[in-house]
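Colleague: Could you take a close look at one part of this model for me, the aromatic rings and what surrounds them? I would love a connected walk through it.

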Amino acid sequence: MNITIQPLTQSNRADFFDFFDNRAFTDDSPYNPCYCCCFHMTPEEVKNGVGQRAQELGGGYEGLRGALREAAERLMEQGIMQGYLAYDGELAIGWCNANDRQNYLRTGSFNPGKQQEEDYCIAPGEKGKVKAVVCFEIAPEYRGKGIAGSLLQRVLEDAKTDGFELAEVYPQELEAPTVYDFTGPAAMYQKAGFEEAARHGKTIVMRKRL
């Protein structure tokens, strides 16, 4: 394996969609289809934006897939959705959604099929202060090889260079890892120097000073 990490840019957006179209959910994950964009949308946007567009595209799985794909494209064009891709050679095999905390409307684990108001929160603090990491997705055959950890380290390096003061992550308090653990395991964050700062339900808020 020749694993490299690259930030999401206009020039490699096709790799992002290739990853989510073809490799992200080949293990029948319940999050298929997903283009990692619901962190940036309000309940109204999900229900009446994505939901209505899904029906216009024919409904069902393909309609939802198309609507979410379009939403991700739009968020990228607006500069709202950001993150990093992991590559094995030239093939995208992993993704990390990382961004200014102010660019998220919700963090932590959530069920995209249930639009609950308590899932949503406006980020506190000033723009440019806190870099948040909200999601990892690794192709099934590449899991357990330290790729999420490599993505996290690149996020931290760039966040420090860009002048962010803190990094913030949202692992879940789970008895055992599950497919729903897309926020990343607490053990990985502890190894990277994060410390617990707060808890909201089963979400552990961890922070690291950069």
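Modeller: Happy to! Let me begin with two neighbouring rings: Phe19 and Phe20 are both buried. Please keep in mind that this is a predicted model. The ring centres of Phe19 and Phe20 lie 5.1 Å apart with 75 degrees between the planes, and because an angle over 60 degrees counts as edge-to-face, that is the class of this pair. Phe20 also pairs with Phe25, this time in a tilted arrangement, with 6.0 Å from centre to centre and 55 degrees between the planes. Phe25, like Phe20, is buried.

These pairs belong to a wider group. Ring pairs connect Phe16, Phe17, Phe19, Phe20, Phe25, Tyr35 and Trp95 into one cluster. For the structure, the count of aromatic pairs is 10.

From there, let us move on to the cysteines. Cys36 sits in the loop that runs between helix H1 (13–22) and helix H2 (43–56). Its backbone deserves your attention: Cys36 has a positive phi of about 60 degrees, although it is not a glycine. Cys36 has a relative accessibility of 3%, so it counts as buried.

You may wonder whether these cysteines are bonded, and the structure holds zero disulfides. Take Cys135: the closest cysteine sulfur to its own is that of Cys36, at 3.8 Å, which is too far for a bond because a disulfide needs the sulfur atoms within 2.5 Å. Cys135 has 8% relative accessibility and therefore counts as buried. For Cys38, the closest cysteine sulfur belongs to Cys37, and the distance of 4.9 Å is again too far for a bond. Cys38 is buried as well, because its relative accessible area of 14% falls under the 20% limit.

Finally, here is the setting for these details. The protein chain has five helices and seven strands, and along the sequence they follow the pattern β-α-α-α-β-β-β-α-β-α-β-β. Of its 210 residues, 48% count as buried. Among contacts between residues at least 6 apart in sequence, 70% join residues at least 24 apart. As for the surface, the protein chain exposes about 10600 Å², with carbon and sulfur atoms supplying 47% of that area.

Note on methods:
Residues numbered from 1 in each chain as written. Predicted model: local features only at pLDDT ≥ 70, side-chain atom pairs only at ≥ 80, totals over all residues. Heavy atoms only, no water. Phe/Tyr/Trp six-rings, centres within 6.5 Å; stacked < 30°, edge-to-face > 60°. Buried < 20%, exposed > 50% of the residue type's maximum accessible area, 1.4 Å probe, protein only. Helix = DSSP H or I, 4+ residues; strand = E, 2+ residues; numbered from the N terminus. Contact = heavy atoms within 4.5 Å. Areas by Shrake-Rupley, 256 points an atom, 1.4 Å probe, with all protein chains shown as cover.
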